[in-house]
Amino acid sequence: MYTAQPSSTIREEATMSNPSIAWQRLQAGNQHFHATSRSRQKAATRDQSPLAVVFRCADDRTASEAVFGQSWGSLMDISNWGHVIDTGVLATVEYAVDKLKTPLIVILGHENSSAMEASLEAWNNVNIPEGATRAVIEHAMFSLARQDASISNADELAAAHTVHTGVSLLQKSAALAKAVDSGQSAIVCLVRDADGGLRVCATFGDVAENEAPLLECV
Ligand SMILES: [Zn+2]
């Protein structure tokens, strides 16, 4: 059953915080998806190799396909809060590159990141939180430490952290390092600004532009 949404912003926020209403909205959305996407699902199944695997920060809730103007399902999307490389993330990237022959790994950070803001605040106040949040803060602090603490705001930290995340993938995975070294794959580290523009912070491997690049957007 689909429930009509309230008109005011306040009521909208109240509705979004209700788990029952949120679940009803997802179910209603899935009914539309199920009815309209069968052809797209078949197309995606035929082509099992994603164009890229995108590892992004979860509090930027813009879908990777929207950011890069690609068709739904053409990218493998991984996200968590603050780009924490755990076993699951590493295995997923290795699966994309090694098994699916995905040619590009994208580390996608963003401006106005709450994860970077929390990490910078913890660094400045020498106050590391407990619980699972600690892992996010510690990962970002490694990026701060690599810059000799010269970073003064969260957007600068986001840029440094995407680069550090790319380096860490290569250090933690012999399979990924081999794929990049051989030219089978490459890594691009990016920060997305508030207007949707992208800033390249670092690349690993060969991503030089071809003379006649094939640009395909939707
Ligand atoms: Zn973020």
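**Notebook: the cavity, then H5 against H9**

I pulled the lining of the largest cavity: Cys 57, His 83, Gly 109, His 110, Ser 113, Met 116, Ala 158, His 161 and Thr 162. Note to self: this is a predicted model, where local features need pLDDT of at least 70 and side-chain atom pairs count only at pLDDT 80 or more, while totals for chains, interfaces and linings use all residues. Residues are numbered from 1 along each chain as its sequence is written, and side-chain values use heavy atoms, leaving out hydrogens and water.

What counts as a cavity here? On a 1 Å grid over the protein atoms alone, it is a set of points where a 1.4 Å probe fits but cannot get out, and lining residues have an atom within 4 Å of a point. I searched the whole structure and got one cavity of 30 Å³ or more. The largest holds about 40 Å³ (volume is the space filled by probe spheres set on the points, which are joined across faces, edges and corners).

Next I checked where the lining comes from. Strand S3 (104-110) and helix H8 (154-172) each give at least two residues, with H8 supplying the largest share, three. (Helices are DSSP runs of H or I, at least four residues; strands are E, at least two; numbering is from the N terminus.) I sorted the lining into three nonpolar, six polar and no charged residues; Gly counts as polar, Ala, Met and Cys as nonpolar.

Last, I looked at H5 and H9. Leu 90, Val 93, Glu 94 and Val 97 in H5 meet Ala 175, Leu 176 and Ala 179 in H9 (contact: heavy atoms within 4.5 Å). That contact splits into six nonpolar, no polar and one charged.

Note on methods
1 Å grid on protein atoms, 1.4 Å probe; cavity = no way out; pocket = protein on both sides within 12 Å on 5 of 7 lines; lining within 4 Å.
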